[in-house]
Amino acid sequence: LEEEKRRGITIDLGFAFLNVDGVRFGFVDVPGHEKFVRNMLAGVGGIDVVLFVVAADESIKPQTREHFDICRLLGISRGIIAITKSDKVSSDELDTVRLEIEEFVRDSFLENAPAIAVSARSGAGIEELKQELQRSARAVSSRDEQRHFRLPIDRAFAMKGFGTVVTGTLVAGTLGVEDEVQLYPTQKRARVRGLHSGGQQVARAVAGQRTAANLAGIDIADVKRGMVLAAPGIFQPSSRLDASITLLPSARSLKNRARVHLHQGTAESVAEIIFLDGAAEHSAGETAFAQFKLDEAALVLPGDRFILRQLSPVETIGGGRILDTRPARHRRDAAGVKTFLETLERGNNEESLLALTEASPRGLTCTETVSRTGWIKSDIRAAASKLAQSRRLRIVGDLNSPDFALVSVSVFAESLATIRKAIDAFHAANPLLPGIPKQELRGRAGNSRAEIFETALEDLLKSRAIFISGDLVQRAGREIALSPDETRAKELIEREFANAGLAVPSFAVVLAKLPVESRRAQKILQILLREKVLVKVADDLVFHQMAVKGLRETLAKYRKERGTRLPIGTFKELTGVSRKYAIPLLEYLDREHLTRRVGDERVIL
């Protein structure tokens, strides 16, 4: 940048590449000046080795200390110290600087790191530095290429003839040409038109590489530093996060509800911090669990490290690790939150998955588990299978399908109990009804997922606790017991309709003759309909089964003697009913496939 050349300092991120004996290095040059630490934080995420630069003629400066704190908070485990401008000091002064650096990095990840004096002007120490870089690179663990890919964007620009280009360090997974990607947090989708890594065109970039992606379908105006390219349809941006934080020994006390700058990957957001232990504030050097309320949603995953900077004056005060990206709004000092977060922080996959499912009353689908953990499906299946074998987790559906769900044993047992209780309550309130419709039962049984509800019903059916007939669910072994009045009413209803033939009375007329109130009479009518003693032809028209049987026989005789054509007038003469009954009866016969309407006539089938 012109301003960098004029002022002689790094202001924004710079990038370069180097090949040393088969190892390709991608350098991210980050600003050292205190005013540009926010730019430095956008570049330091995702690095494998820190090349820690101390000028021989200046030694340890305030920004050196801040950068060092940031590297430790981000969990960087390997580095090399380069003492630059060694040609500008005497050998005694250089030895003094070495001693100061040695004291400065004691008890840190750089304690035993090689410290190499170099000069850009004379070239002294450059070859030795290259060899140390190569040794460090070969000792670094490779990043997992099987993870879902994520590319935090540190630079975006438009190239004439190519369109939008974004760059960053691929922190996980792989990315190939023609892959579909999603831009978070906007959720816009794009296609990878081309890839560059290490200054060369590549077909596929892998975790750990500096990567430039040419995107089709995304305008440059839609992209900015801090966004993330990731696998489409998998993750959900988060504006609320649970985390473990550690304040630097040099930091000021941090008050509950304070607003801070939160830096993660290449993103920066202002966040309100809420301590989950009920403390009004935490002092320098302390560690605590906290919840962040972000001003802008961001794509982060459990395990991601972050840096905290004071809102004003802007200085680094601490950092930590994300534990939960979809937390509830906790009450401060709520029981169980500390244990839950400790499990997510220190537990293995099985312990973490169990904690997440136990904290999810509706269970977790496979897709939700991926979004909540960042794991690939094979890891989820492995952990779920072990938990299911030890009877600590219930798998709903086929574990080898993409649609399975997970629910804790305690939540599933509670679902079973709730369903049984809802069935019993329905029977108590509706003694004359055989069972409760499934949809109504699900509504009464709480907000469990459809697949968990169905699996619970299957368990109850297998254990013979319930009986299911069509859409109705009832307690097993239950029979409808009618009182003497109800039995007499049932007999009266059946006799009235049997005597009426096809000229049936309205139900209101029948009700007036019954020894029970209207509500109970309606339920007795439903019993007769279920037993198929009565047949419902229309909403307000019911016939006795013998009348319907007689009608069928009349039609069969007519077809044999006079053919298949049946005008409405002829049907009225055959049955002796008015149009009020004739039309609903003919429509019923159509539904039963005994007749078919052709114009104004019917054809007997």
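These notebook entries record what I looked up in the structure.

**Entry 1. Model.** I worked from a predicted model.

**Entry 2. Salt bridges.** I began with the charged side chains and found 30 salt bridges in the structure. I then looked up three of the pairs one by one.

In one pair, the side chains of Arg150 and Asp304 meet with 2.8 Å from N to O. I noted that this salt bridge links distant parts of the chain: Arg150 belongs to strand 6 (residues 150–152), Asp304 lies in the loop between strand 21 and strand 22, and 154 residues separate the two. Is Arg150 buried or exposed? Arg150 has a relative accessible area of 12%, and it counts as buried because the limit is under 20%. Asp304, at 11% relative accessibility, is buried as well.

I next examined Arg204 and Asp179, whose side chains form a salt bridge at 3.7 Å, N to O. This pair also connects distant parts of the chain, with Arg204 in strand 13 (residues 204–206) and Asp179 in the loop between strand 9 (174–176) and strand 10 (180–184), 25 residues apart. For accessibility, I recorded 42% for Arg204, which is therefore partly exposed. Asp179 is likewise partly exposed, at 22% relative accessibility.

The remaining pair I looked up was Arg372 with Asp324, a salt bridge of 2.8 Å from N to O. Arg372 sits in helix 8 (residues 366–373) and Asp324 in strand 23, so the bridge ties together distant parts of the chain, 48 residues apart. Both Arg372 and Asp324 are buried. Which residues do salt bridges with shared partners join into one network? I found Arg257, Glu272 and Lys293 in that network.

**Entry 3. Aromatic pairs.** I turned to the rings and noted seven aromatic pairs in the structure. Why is the pair of Phe292 and Phe306 edge-to-face? The ring centres of Phe292 and Phe306 are 5.5 Å apart and the planes stand at 85°, and planes over 60 degrees apart count as edge-to-face. The pair links distant parts of the chain, since Phe292 is in strand 21 and Phe306 in strand 22 (residues 305–310), 14 residues apart. I recorded both Phe292 and Phe306 as buried. I also noted a cluster in which ring pairs link Phe52, Phe68, Phe104 and Phe109.

**Entry 4. Negative patch.** On the surface I looked up a patch of negative charge, where Asp277, Glu281, Glu286 and Asp333 gather. I located Glu286 in the loop between strand 20 (281–282) and strand 21 (287–298). How is Glu286 classed by its accessibility? Glu286 is partly exposed, as its relative accessible area is 34%; the range for this class runs between the buried limit of 20% and the exposed limit of 50%.

**Entry 5. Gly336.** I closed with a glycine in a loop. Gly336 is found between strand 23 (316–324) and helix 6 (337–346). Its relative accessibility is 45%, so Gly336 counts as partly exposed. How far apart are Gly336 and Ala359 in space? I recorded 9.9 Å from C-alpha to C-alpha, with their positions 23 residues apart in sequence.

Conventions
Residues are numbered from 1 along each chain as its sequence is written. This is a predicted model: local features need pLDDT of at least 70, side-chain atom pairs count only at pLDDT 80 or more; totals for chains, interfaces and linings use all residues. Side-chain values use heavy atoms; hydrogens and water are left out. Patches are made of residues with over 30% relative accessible area and no salt bridge: like charges are joined within 9 Å, nonpolar side chains (Val, Leu, Ile, Met, Phe, Trp, Tyr) within 5 Å. Accessible areas come from the Shrake-Rupley method with a 1.4 Å probe; for residues, only the protein chains shown count as cover. A salt bridge is a side-chain nitrogen of Lys or Arg within 4 Å of a carboxyl oxygen of Asp or Glu. Lys and Arg count as positive and Asp and Glu as negative; His and the chain ends are not counted. The place of a charge is taken as NZ of Lys, CZ of Arg, CG of Asp or CD of Glu. Helices (H or I, at least four residues) and strands (E, at least two) are DSSP runs, numbered from the N terminus. Buried means under 20% relative accessible area, exposed over 50%, partly exposed in between (1.4 Å probe, protein chains only). Rings of Phe, Tyr and Trp (its six-membered ring) pair if their centres lie within 6.5 Å; planes under 30 degrees apart count as stacked, over 60 as edge-to-face and the rest as tilted.
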